[in-house]
Amino acid sequence: MRRSDYDDYLRRQRAQGEPTRTLTASQLKQIENAFEEVKQQAKQWETAAREWETAAKKAQERASDYEEKTNYCKQLVEQARQQSADWEARARELRAAVVEAREQPEEKDQEIDDLKTEMLTAEESIETLQSDAQASDTRIAELQEELLHQEAEYRNSRRRLERLFANQTEQDKRSMLLEMLPVLDNLQRALDFTPGQQPDADTLREGVELTRRTFVNVLEKNGIQAIDAVGQPFDPTIHEAIGLLPAPGLAPDTVAAVEQQGYRYGDDILRPARVLVTPG
């Protein structure tokens with residue numbers, strides 16, 4: 001909840017003559033941090049989506065490999081057809097030579113027989129090449145069918161992953177929101193006291209502390225840990241110095257006080273701690 005939204009809410013309550021309940025800045029900050037956690041959870045699922053997308057790209061690469069094999073078979077068929085055409089041209093030449101030889105004297109008979117043998121060999125080669133071309137056409141059809149199967153499997157897998165991702169994201173969001181509801185319940189109980197029922201300072205502090213502990217437990221359950229800063233050497237990777245504060249007994253460049261608590265999320269720094277440091 002932004003501060004401007006909360007101010008608008010108060011103005012509407014006053015305009016309608018209803019009593020208003022004011023949240024403290026700390027309470028507003030707790031609510032804002034809760035919603036920030038929801039955003040961080042969504043980023044995790046975005047990372048998971050990119051990993052699924054990488055797996056989908058690998059499937060596309062396999063489909064591309066099948067397409068290359070198909071193109072290679074097409075080239076073989078084209079070569080076979082070209083060789084067949086060459087042999088047919090050679091066979092026509094041989095037939096012409098046989099006709100020409102028949103018009104020659106009988107001493108050309110042996111040459112005619114040789115030409116006939118060569119012509120038969122050429123015709124057998126043509127039949128073999130045609131058979132190879134037919135086999136290549138069959139293989140191309142098989143590869144194309146396999147490619148279509150791979151593409152259908154990829155589309156189905158992608159749809160299943162998208163549904164799984166959407167369902168899991170919704171479940172995680174719902175779980176996070178349910179865990180934050182007790183925090184809001186405790187805040188509401190603190191606001192429900194009427195002027196005649198105001199608790200003493202100790203009771204109010206206990207209620208606020210209970211709310212804070214509940215919220216901290218929610219954060220820790222979801223992998224968020226507070227950064228221990230006071231008394232530690234200043235570390236710019238986890239601390240943000242906002243001023244100097246002399247502190248007897250502490251070494252120079254040591255965290256003397258924390259102005260805003262910092263948090264870790266796993267191995268990452270979710271927010272650095274804003275600290276006051278002893279002079280160097």
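Let's start with a sheet: three strands come together in the order β2-β6-β3, and the sheet is open, with mixed pairing. Please keep in mind that what you see is a predicted model. Look at the two edges of this sheet. They are β2, residues 239–244, and β3, residues 255–260, and each has a single partner strand, so one side of each is left without a neighbour in the sheet. If you follow the sheet across, the twist averages 35° from one strand to the next.

Now, which way do β2 and β6 run relative to each other, parallel or antiparallel? They run parallel, and five bridges join β2 to β6, which covers residues 273–277. If you would like one pair to find on screen, take Gly 243: its bridge partner in β6 is Leu 276.

Between β2 and β3 there is a loop, and Asp 253 sits in it. This residue deserves a quick stop. Its phi is near 55°, a positive value in a residue other than glycine. Is Asp 253 buried, exposed or something in between? Its relative accessibility is 45%, so Asp 253 counts as partly exposed.

Let's move to the other sheet I want to show you. This one is also open and has three strands, in the order β1-β4-β5, and here the pairing is antiparallel. At its edges are β1, residues 224–226, and β5, each pairing on one side only. The twist here averages 35° from one strand to the next.

Within this sheet, have a look at β4 and β5. Strand β4 spans residues 263–265, strand β5 spans residues 268–271, and three bridges join the two antiparallel strands. Two of the facing pairs are easy to pick out. Tyr 263 stands opposite Arg 271 in β5, while Tyr 265 has Asp 268 as its bridge partner. The hairpin of β4 and β5 has two residues between the strands, and Gly 266 takes a positive phi there, near 65°.

Those two tyrosines bring us to the inside of the model. Which residues make up the largest nonpolar core? There are six of them: Tyr 263 and Tyr 265, which we have just met, along with Val 183, Phe 215, Leu 219 and Ile 224. Helix α4, residues 201–221, and strand β4 each supply at least two residues of this core. Leu 219 is a nice one to click on: leaving aside residues up to four places away in sequence, Leu 219 touches Ile 224 and Tyr 263. There is also a second, separate core of five residues, including Ala 229, Val 255, Ala 273 and Val 277.

Let me zoom out to the whole chain. It has four helices and six strands. In what order do they come? From the N terminus on, the elements run α-α-α-α-β-β-β-β-β-β.

A few overall numbers to finish. The chain has 280 residues, and buried residues make up 25% of them. Taking contacts between residues at least 6 apart in sequence, 72% join residues at least 24 apart. The Leu 219 and Tyr 263 contact we looked at is a good place to begin exploring for yourselves. And on the outside, the chain exposes about 19,400 Å², with carbon and sulfur atoms supplying 50% of it.

Note on methods. Residues are numbered from 1 along each chain as its sequence is written. This is a predicted model: local features need pLDDT of at least 70, side-chain atom pairs count only at pLDDT 80 or more; totals for chains, interfaces and linings use all residues. Side-chain values use heavy atoms; hydrogens and water are left out. Two strands pair if DSSP finds at least two bridges between them. Axes are lines fitted to C-alpha atoms, for helices over the stretch in contact, and angles run from 0 to 180 degrees between N-to-C directions. A nonpolar core is a set of buried Ala, Val, Leu, Ile, Met, Phe, Trp, Tyr and Cys residues joined through side-chain atoms within 4.5 Å. Buried means under 20% relative accessible area, exposed over 50%, partly exposed in between (1.4 Å probe, protein chains only). Contact means heavy atoms within 4.5 Å. Accessible areas come from the Shrake-Rupley method with a 1.4 Å probe; for residues, only the protein chains shown count as cover.
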